[in-house]
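Open the model in your viewer and keep the selection tool at hand. The tour moves from one selection to the next.

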Amino acid sequence: MISRRSFLSRTATIGVAGLLPSDLAIEQKPQRRRIACEEGFSLPELIDAVDLFMAKHANREPGIASLIGPGGKFPRMPQLLDPVQRIADMDRAGVAVQVLLLNSPGVQIFDAVQANELARLANERAGEWMRRWPGRFAPLAAFAPQDPERAAQEIERAVKSLGLRGAIVNSNTRDAYLSEPRFWPILEAIDALGVPLYIHPREPRSDMLAPYLAHNLQGAIWGYAAETALHALSMIMAGVFDRFPRLRVVLGHNGEGIPFYLDRIDNRYMTMNGGGTGKLRKLPSAYFRENFVVTTSGANRAPAVRMCQEVLGVEKVLFAIDYPFEKDVEAVAAAEAVPMSARDDEQFFHRNAERVFGIAAA
Ligand code: MN
């Protein structure tokens with residue numbers, strides 16, 4: 001439960017006592033600059049394509065099939081599609097800028113040609129929103145790992161020509177992670193551009209799905225975090241960050257739980273490797289601390305946020321909501337109630353995001 005006192009003391013102007021936090025956010029013009037770093041969007045053309053794909057090939061994507069049900073349609077939330085409603089919601093919640101991510105599963109279920117076309121279309125659309133509402137959106141580039149060379153070209157085009165701020169992958173592509181060397185041309189392009197790669201969740205790979213389905217754990221309740229953490233750890237263990245030492249990766253949901261486990265991961269890794277770093281140059285935690293930042297999407301309560309700040313450093317933890325899947329006003333209120341110094345607050349709510357995603361300061 002967020003106390004009204006702590007919310008008021010951090011955001012409110014004088015003379016609004018007695019209002020609930022949700023009323024407050026509507027009434028006031030927030031002074032604090034907030035950048036929300038994992039905010040989903042989509043386009044009707046993509047959802048149409050997902051529906052067509054699932055009607056024909058539900059067996060190839062059992063995770064999605066399990067979430068939408070037999071013969072079901074992909075959720076068509078208006079908030080994913082309508083930038084005008086989005087801007088109004090941002091203003092209501094006190095969010096200055098959204099980092100935009102193409103909603104899961106992105107383009108990763110399609111054949112390579114269609115996936116490339118849809119990635120291009122999504123990036124164009126995000127670029128249009130960015131130009132129409134200057135300063136409000138910082139989109140990341142969708143790409144099709146199915147064709148690594150074309151993916152690398154599209155990321156470069158989207159960043160250099162459209163001004164997009166990084167790249168986004170919705171975890172596994174047809175059961176494969178970016179730890180596999182065939183995908184490394186993509187990582188090479190992202191590294192050369194000096195922009196971050198956001199690894200966003202989706203359902204666990206089909207070869208690991210069955211035990212999740214038994215109790216409906218495949219979605220955001222747990223499967224998303226397990227899937228995405230495994231993806232990230234696979235990249236560390238595959239030596240991705242020895243090959244690309246400057247590559248920056250962003251994980252949502254407080255690092256998908258990894259910060260909580262870093263000590264144990266190192267401890268067991270050393271035990272398995274005679275006390276040393278094995279085939280890696282450094283211990284696993286060193287890559288996580290140096291190459292990763294985390295956002296607080298869907299998890300803005302104090303214990304988890306502060307644990308990440310303590311383990312990784314205040315400069316590595318970025319505010320996020322996970323719009324439109326999480327309630328934006330409540331997420332802002334929860335984040336505002338996390339005890340932090342004024343300086344740490346500024347880093348958490350906007351300075352870290354400005355640095356990581358190359359967003360101009362206000
Ligand atoms: Mn999300």
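This is a predicted model. Start with charge pairs: a search across the whole structure turns up 21 salt bridges.

**Stop 1: Glu336 and Arg32.** Select both side chains. They form a salt bridge, 2.7 Å from N to O. Glu336 sits in helix α17, while Arg32 is in the loop between α2 (21–27) and β1; 304 residues separate them. Both Glu336 and Arg32 are buried.

**Stop 2: Arg34.** Keep Glu336 selected and add Arg34. These side chains also meet in a salt bridge, at 2.8 Å, N to O. Arg34 belongs to the loop between α2 and β1, 302 residues from Glu336. Relative accessibility is 1% for Arg34 and 0% for Glu336. Now widen the selection: salt bridges with shared partners join Arg32, Arg34, Glu336, Asp345 and Glu346 into one network.

**Stop 3: Glu354 and Arg33.** Their side chains make a salt bridge of 2.8 Å, N to O. Glu354 is in helix α18 (residues 342–357) and Arg33 in the loop between α2 and β1, so the pair ties together parts 321 residues apart in sequence. Glu354 is buried at 10% relative accessible area. Arg33 counts as buried too, at 16%.

**Stop 4: the manganese ion.** Which residues are its protein donors? Select Glu38 (OE), His200 (NE2) and Asp322 (OD), which lie 2.0 to 2.2 Å from the ion. Their spacing in sequence is E-x161-H-x121-D. Glu38 is in strand β1 (residues 35–41); Asp322 is 284 residues away, in the loop between β9 (317–318) and α17 (328–336). Check burial last: Glu38 is buried at 1% relative accessible area, and Asp322 counts as buried at 10%.

Terms used:
Residues are numbered from 1 along each chain as its sequence is written. This is a predicted model: local features need pLDDT of at least 70, side-chain atom pairs count only at pLDDT 80 or more; totals for chains, interfaces and linings use all residues. Side-chain values use heavy atoms; hydrogens and water are left out. Donors are N, O and S atoms within 2.8 Å of the metal (3.2 Å for Na, K and Ca); water is not among the atoms, so sites may look incomplete. Helices (H or I, at least four residues) and strands (E, at least two) are DSSP runs, numbered from the N terminus. Buried means under 20% relative accessible area, exposed over 50%, partly exposed in between (1.4 Å probe, protein chains only). A salt bridge is a side-chain nitrogen of Lys or Arg within 4 Å of a carboxyl oxygen of Asp or Glu.
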